[in-house]
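Could you walk me through this model, one selection at a time? Here is a tour to follow in your viewer.

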Amino acid sequence: MDYQDILARLKTDRFGKEIVNFQTIDSTSSHAKILASEGAEEGTVVIAEEQLHGRGRQGRSWHATPGKNLTFSLILRPKIDISQIGMIPLFAGVAVLLGIQSATGNTLSLKWPNDILHDGRKICGILVESVVFRHELSAVVVGIGLNVNERDFPPSLRNTSASLVMDGRPDLDRASILAKILLHLEQMYPLLQPARKAELISLWTQHCRHIGKEITVHDAGEMIHGVALGIADDGGLMLETEDGIKKIISGEVPLA
Ligand code: BTN
């Protein structure tokens, strides 16, 4: 993707003002973590056409055909207590969802904690990683993998993944989508402040289809079944199970 194309479309004040653009890299998030620990400014974006070792949540890898999709990482330095770190995936999920919707007109939904789905299939994955220095949160790297012009998924992903062009559309302009996502992330960033937590949780819940439904959650190798009650004030998922109400902190809801 051409650097000038991205700049021409950017309407942000800070996010994406510094863009580190690679043809090929191991992982944009691994590189962004190094830049963050070297003092890179908040809002710096690392983007690549191809990742050799794109990383997903829970030790998985991230597949993306080179040159077809968006794979990038944003460095944030939120001034929040480390106990509130679970709110960052929710903020990132809802901001990215609204950015994609405003760029493309697609209606998307969220799956806890921050997957974005199109008709029940995953279209975007987000990996939130912290950079901690002397027990303080020094930076957060939000790694975003969005399937844009992907038309050929490997067999293992074919039934569970989707891309923005799958409904027969011509290829989409990735730079415009990136610019809209960064704009939404920047405009919604204040929602991470404690006084706006209820607003963030409510917005997130409006875009999630599994709240109020019976679901199974994978948590540390365990499958927990229950009714999703809502989001706790630290970003955890509240589940009403046979053994009482449980809070899930680090698991995920599998695709139905
Ligand atoms: C997931 O759903 O498991 C999260 C996937 C996150 C993938 C993105 S692609 C850009 C960034 N760099 C990485 O290595 N991973 C994230």
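Two strands count as paired if DSSP finds at least two bridges between them. Keep that in mind for the opening stop, and note that the model you are looking at is predicted.

**Stop one: a hairpin**

Select residues 237-241, which make up strand β10, together with residues 244-248, which make up strand β11. The two strands run antiparallel to each other and are joined by 5 bridges. Between β10 and β11 there are 2 residues, and the strands form a hairpin. To follow one bridge by eye, pick Met238 and look across to Lys247 in β11, its bridge partner. If you show side chains here, remember that in a regular strand they alternate between the two faces of the sheet.

**Stop two: salt bridges**

Side chains of opposite charge can pair when their charged atoms come close. How many salt bridges are there in this model? The count is 12, and three of them make good selections.

Begin with Arg9 and Asp173, whose closest N and O atoms are 2.8 Å apart. Arg9 sits in helix α1 (residues 3-9) while Asp173 sits in the loop between β7 and α4, so this pair ties together parts that are 164 residues apart in sequence. Colour by accessibility and you will find Arg9 partly exposed, at 29% relative accessible area. Asp173 is partly exposed too, with 34% relative accessibility.

Next, select Lys111 and Asp115. Their salt bridge has its closest N and O atoms 3.0 Å apart. Are these two residues buried or exposed? Both Lys111 and Asp115 are buried.

Now go to Asp171 and Arg151, whose side chains meet in a salt bridge at 2.5 Å, N to O. Asp171 and Arg151 each lie in the loop between β7 and α4, so the pair ties together parts of that loop that are 20 residues apart in sequence. Asp171 is partly exposed at 46% relative accessibility, and Arg151 is partly exposed at 47% relative accessible area.

Before leaving, add Asp5 to your selection of Arg9 and Asp173: salt bridges with shared partners join these three residues into one network.

**Stop three: Arg158**

Select Arg158, found in the loop between β7 (136-146) and α4 (174-188). Arg158 is partly exposed, with 42% relative accessibility. Which residues does Arg158 touch, if neighbours within four places in sequence are left aside? Its contacts are Arg121, Asp152 and Phe153. For a sense of distance, draw a line from the C-alpha atom of Arg158 to that of Leu183: the two residues are 25 apart along the chain, and their C-alpha atoms are separated by 31 Å.

**Stop four: the largest pocket**

Turn on a surface and look for the largest pocket, which has about 540 Å³ of space. It is lined by 33 residues, and those closest to its centre are Gly56, Arg60, Ser61, Trp62 and Lys122, so select these five to bring the centre into view. Which elements each supply at least two residues of the lining? They are α2 (28-37), β3 (70-76), β6 (121-133) and β7. Strand β6 provides the largest share, 4 residues. Coloured by class, the lining of the largest pocket shows 10 nonpolar, 16 polar and 7 charged residues.

**Stop five: the second largest pocket**

The second largest pocket has a volume of about 340 Å³. To centre on this pocket, select Arg57, Gly86, Pro89, Val128 and Ile249, the closest to its centre of the 18 residues that line it. β6 gives the most to this lining as well, with 5 residues. By class, the lining of the second largest pocket has 8 nonpolar, 7 polar and 3 charged residues.

**Stop six: a cavity**

Finish inside the protein. The structure holds 1 cavity of 30 Å³ or more, and the space in the largest cavity comes to about 60 Å³. Which residues should you select to see its lining? Choose Ile80, Gln84, Met87, Leu191, Leu192, Gln193, Pro194, Lys197 and Leu200. Of these lining residues, 6 are nonpolar, 2 polar and 1 charged.

Definitions and conventions. Residues are numbered from 1 along each chain as its sequence is written. This is a predicted model: local features need pLDDT of at least 70, side-chain atom pairs count only at pLDDT 80 or more; totals for chains, interfaces and linings use all residues. Side-chain values use heavy atoms; hydrogens and water are left out. Buried means under 20% relative accessible area, exposed over 50%, partly exposed in between (1.4 Å probe, protein chains only). Contact means heavy atoms within 4.5 Å. A salt bridge is a side-chain nitrogen of Lys or Arg within 4 Å of a carboxyl oxygen of Asp or Glu. On a 1 Å grid over the protein atoms alone, a cavity is a set of points where a 1.4 Å probe fits but cannot get out, and a pocket is an open set with protein on both sides within 12 Å along at least five of seven lines; lining residues have an atom within 4 Å of a point. Grid points are joined across faces, edges and corners, and a volume is the space filled by probe spheres set on the points. Ala, Val, Leu, Ile, Met, Phe, Trp, Tyr, Cys and Pro count as nonpolar, Asp, Glu, Lys and Arg as charged, and the others, Gly among them, as polar.
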